[in-house]
Amino acid sequence: MVAPARAGTISARMSGLTHLDRLEAESIYILREVVAEAQSPVMLYSVGKDSAVMLHLARKAFYPATPPFPLLHVDTTWKFRAMYDLRDKAAAAAGMELIVHRNPEALAAGINPFDHGSRHTDLWKTEGLKQALKAGGFDAAFGGARRDEEKARAKERIFSFRSASQGWDPKAQRPELWNLYNARIRRGESIRVFPLSNWTELDIWQYILREGIEIVPLYFAAPRPTVERDGLILMVDDDRFPLAPGEMPVERSIRFRTLGCYPLTGAVESAADTLPAVIQEMLLTTTSERQGRAIDHDQTASMEKKKREGYF
Amino acid sequence: MTVYTPDALIAADIHAYLDTHQSKSMLRFITCGSVDDGKSTLIGRLLYDSKTIFEDQLRQLEADSRRVGTQGTNIDFALLVDGLAAEREQGITIDVAYRFFATEKRKFIVADTPGHEQYTRNMITGASTVDAAVILVDARKGILTQTRRHSFLAHLIGIRHLILAVNKMDLVGHDQAVFDDIVADYAKFAAGIGIAGFTAIPLSGLTGANITARSDAMPWYRGPALLPHLEAIPVDTDRAAMTPFRMPVQWVNRPDLDFRGFAGTIAGGSVRVGDRVRIVPSGRTTSIARIVTFDGDRGSAVAGEAVTLVLADEVDCSRGDVIAAADSPPEAATQFEATLVWLNDAPLVPGRGYWLKMGTQTVGATVQPPAYVVDVNTQAHLSAETLALNDIGVAEVFTEAALVFAPYAQSHVLGGFILIDRETNATVAAGMIHHALRRAQNVHWQSTHISREAHARQKGQSPRLLWFTGLSGSGKSTIANLVEKKLHALGRHSFLLDGDNIRHGLNRDLGFADADRIENIRRVGEVAKLMCDAGLIVLTAFISPFRAEREMVRGLLPAGEFVEIFIDTPLADAEARDVKGLYAKARAGEIKHFTGISSPYEAPEHPDIRIDTRTESAEAAAERIVEHVLGVWSLEL
């Protein structure tokens with residue numbers, strides 16, 4: 001046994017491990033475990049704040065090595081321009097390979113969020129993701145989803161087993177005990193891994209603040225050209241946005257709580273242009289972060305349905 | 001109540017708020033109880049009272065409550081937690097769900113686990129990571145079978161803080177006598193199974209009584225309300241920090257020739273630069289040269305932190321090894337007594353090979369027939385042949401390689417394991433080590449002076465195990481013999497183990513029942529492994545009908561050394577050939593357990609080589625096998 005005097009000092013230091021320290025250590029453990037056990041991992045990188053945190057954790061986990069897997073961006077061609085800028089910059093800063101996949105069928109058919117409704121998500125994102133994972137031969141894919149986002153996520157394991165058709169069967173999940181993750185799969189099967197499972201939106205923001213992680217400027221309030229559609233404030237990010245005859249975008253001070261395809265992502269009116277101010281607003285707000293996303297409102301339990309079909 | 005309404009501070013001074021919340025601690029707890037004890041309602045209430053529910057979620061909740069709720073026009077908090085569509089219809093929680101909320105002092109992670117008997121595996125899953133358990137009891141019903149089961153499981157998995165939440169007090173008129181009776185009843189049971197202590201709280205998830213603050217409805221209750229109690233429970237990490245240093249190596253970090261670091265999460269104790277450490281199980285000692293992190297080198301690190309260690313000397317160390325304090329290293333052994341909780345529909349097959357994963361170690365393992373299973377209601381020890389879904393038993397576990405361990409009571413990281421089915425890859429059991437059966441003579445393996453590499457080098461070849469599998473009469477022995485002749489002619493050192501011959505000697509005590517077939521293959525696998533260690537090319541010709549056993553043998557050898565050769569003959573062809581007249585006897589019922597007739601043959605799904613005997617002659621097949629094997633070698637050179 002260690003000498004009592006030394007144990008005392010250890011105990012004192014131990015109480016210094018905060019919830020962010022413990023979350024960080026847990027995520028790093030998960031990232032390393034996948035790299036140790038999977039043949040060919042990949043990290044889904046959506047350029048949002050959760051992706052930014054996940055990428056940062058990967059750099060920490062494998063330092064001084066470069067994270068030994070590529071980043072994968074499943075592009076829809078409809079993301080905010082500022083997201084494309086940060087995507088390329090962040091991948092370069094990490095020294096990691098960036099794979100950009102655009103579903104060729106969606107591209108050929110000109111699928112867009114204005115004319116095609118939920119087919120936009122199905123084809124660009126769900127199908128595009130499946131194509132990219134298959135093409136890369138990836139047997140493990142990291143995603144930045146958190147359990148506090150949505151009820152179907154709350155029940156998903158950290159290592160989420162997917163059949164050869166990439167579907168999710170909530171009843172066939174492997175029990176996860178302690179920190180023992182079973183990453184064994186057969187040929188053709190894969191796992192989706194969620195290192196941020198136990199983080200909340202507030203944890204993410206606090207960690208971004210603590211670590212000084214760069215995020216897309218759209219998370220901070222600034223005057224931007226906007227229009228209103230179905231109760232959502234949308235940003236007119238480029239000239240593909242169909243305006244009604246005579247309609248002029250209105251400049252509003254807005255920011256985004258979550259980032260996706262710009263025609264599908266609602267902004268909030270805000271003056272919060274610093275991290276503490278954003279966190280302050282988030283804590284005082286009365287709506288959840290996915291509220292600005294059109295995808296969840298399609299139907300009851302729509303996220304669970306999408307996951308069964310192969311959505312992340 | 002001010003504790004749970006931080007809005008004022010947030011609005012007035014966000015920086016002060018952020019400072020406070022940066023240094024919050026984290027507590028994980030589990031809620032468990034019978035169906036209808038009101039778990040989901042209680043969690044919904046905690047989320048609601050800690051202001052974790054947003055307005056849009058609340059609107060959805062109100063709409064759902066009216067549509068499918070059970071509380072009339074009132075909010076049904078259970079709907080907040082019951083996530084999946086299927087269970088909304090059934091009205092029960094069927095999986096582990098995780099919920100998050102925070103107060104000024106703590107971030108909480110709640111595992112909501114099912115009360116339904118058939119889902120015990122989810123309870124064990126949820127309970128394995130928590131610091132505390134809230135066990136719900138319906139005040140009208142008192143202690144039920146499920147209460148005892150869940151308390152036993154919580155205690156079994158080592159949860160040290162138990163809270164007995166006597167719920168629905170509003171439905172018994174907030175009567176102290178009801179509460180006292182239940183507590184007395186539970187205390188008797190708890191003492192009987194070795195629970196050192198628990199905290200009992202009378203409350204109502206529905207009305208919120210004694211949740212965030214003491215309720216006026218129960219002035220007789222002098223203890224803490226639930227949430228303040230959860231805020232005050234000590235987190236278990238202090239215990240881990242008090243033990244000697246241990247870090248299971250998770251991943252070897254080798255970005256270039258100049259850096260070799262060992263990445264891992266510290267399981268126990270602390271480490272400083274300059275500390276003497278021992279690599280277990282090899283037993284080599286060295287010292288810590290650097291503690292590397294992304295944020296710069298550190299002087300020391302403690303349990304719970306994920307770091308990368310650089311050692312002063314170039315010693316062998318890889319994933320699965322444990323870097324430990326040099327003067328008090330953990331033990332390594334191959335035979336253990338353990339408690340097993342069976343989590344899978346397919347019951348334990350004693351003697352069958354499973355993967356055992358503990359910390360960062362994965363080894364092949366077999367389980368002996370259980371010494372007993374525990375009746376969770378009476379804690380009586382019952383005899384059993386096997387373990388079925390939800391069974392809890394004590395059994396001996398044998399591993400194929402030395403496992404670095406500590407008793408589970410001392411370390412969850414070095415004493416808790418899972419068993420994985422080699423065929424389906426399902427996680428089939430959770431295990432907790434009591435102690436090693438026989439201490440290894442030394443902590444270190446006896447390292448032999450002539451290594452297996454040296455043996456192989458001397459023979460000028462890479463060891464291989466050419467494993468022929470197929471039906472009786474498919475031509476395994478014929479082709480294997482041809483292959484060996486060719487190898488011999490090429491100057492290779494080989495040896496052929498034939499099924500029939502082995503059964504005349506080494507395995508003459510074994511019959512043909514499933515358990516005997518498994519033991520037969522296990523022994524052959526071990527013998528073949530020794531011969532590979534000696535540098536030979538080993539050929540085996542056994543029906544070996546089960547995938548799990550073939551995979552077990554594959555796992556005995558270094559990657560790539562096991563070559564599975566499937567002699568694929570349709571049953572009709574083998575039967576028509578019937579060289580030994582066995583099929584005729586099996587059809588006549590004279591031979592029991594005959595593969596293909598009365599016992600299954602599990603064909604390889606991805607054999608390394610497949611020989612179709614309808615289209616390929618034995619001579620051509622043998623030629624192809626030799627080419628395949630030599631071809632692989634020539635690539636290596």
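Phe294(B) comes out as partly exposed in this predicted model, because its relative accessibility is 26%, which is not under the 20% needed to count as buried. Its partner is worth a look too: Tyr63(A) is also partly exposed, with a relative accessible area of 32%. The ring centres of Tyr63(A) and Phe294(B) sit 5.7 Å apart and the planes meet at 85°, so this is an edge-to-face pair. The pair crosses between chains: Tyr63(A) belongs to the loop between α3 (49-62) and β2 (71-75) of chain A, and Phe294(B) to the loop between β12 (285-292) and β13 (300-302) of chain B.

Now hop over to another pair, this time within chain B. Tyr583(B) and Phe594(B) have ring centres 5.0 Å apart and planes at 80°, so they are edge-to-face. Tyr583(B) lies in helix α19 (residues 582-587) of chain B and Phe594(B) in the loop between α19 and β28 (609-612), eleven residues along the chain. Here the rings belong to buried residues: Tyr583(B) has a relative accessible area of 1%, and Phe594(B) has 8%. Across all chains, a search turns up 28 aromatic pairs. Chain A also holds an aromatic cluster made of Trp78(A), Phe80(A), Phe114(A), Phe241(A), Phe256(A) and Tyr262(A).

On to the helices. Between chains, α9 (residues 275-284) of chain A packs on α2 (residues 14-22) of chain B at an angle of about 80°, with the axes 10 Å apart, which means α9(A) is roughly perpendicular to α2(B). Pro276(A), Ile279(A), Gln280(A) and Leu283(A) make the contact from α9(A), meeting Ile14(B), His15(B), Tyr17(B) and Leu18(B) of α2(B). By class that is six nonpolar residues, two polar and no charged ones.

Inside chain A, helix α2 (residues 19-37) and helix α8 (residues 201-211) have axes that come within 11 Å and cross at roughly 95°, so α2(A) is roughly perpendicular to α8(A). On the α2(A) side, the contact residues are His19(A), Leu20(A), Asp21(A), Leu23(A) and Glu24(A), while α8(A) supplies Asp203(A), Gln206(A), Tyr207(A), Arg210(A) and Glu211(A). This contact has three nonpolar, two polar and five charged residues.

Last stop, some strands in chain B. Strand β15 (residues 322-325) runs antiparallel to β7 (residues 246-248), joined by three bridges, and it pairs with β11 (residues 276-280) in the antiparallel sense over four bridges. Ala324(B) of β15(B) stands opposite Arg246(B) and also opposite Arg278(B).

Notes:
Residues are numbered from 1 along each chain as its sequence is written. Chains are lettered from A and ligands numbered from 1 in the order in which they are written. This is a predicted model: local features need pLDDT of at least 70, side-chain atom pairs count only at pLDDT 80 or more; totals for chains, interfaces and linings use all residues. Side-chain values use heavy atoms; hydrogens and water are left out. Axes are lines fitted to C-alpha atoms, for helices over the stretch in contact, and angles run from 0 to 180 degrees between N-to-C directions. Helices (H or I, at least four residues) and strands (E, at least two) are DSSP runs, numbered from the N terminus. Angles under 35 degrees count as roughly parallel, over 145 as roughly antiparallel, 65 to 115 as roughly perpendicular and the rest as oblique. Contact means heavy atoms within 4.5 Å. Ala, Val, Leu, Ile, Met, Phe, Trp, Tyr, Cys and Pro count as nonpolar, Asp, Glu, Lys and Arg as charged, and the others, Gly among them, as polar. Two strands pair if DSSP finds at least two bridges between them. Rings of Phe, Tyr and Trp (its six-membered ring) pair if their centres lie within 6.5 Å; planes under 30 degrees apart count as stacked, over 60 as edge-to-face and the rest as tilted. Buried means under 20% relative accessible area, exposed over 50%, partly exposed in between (1.4 Å probe, protein chains only).
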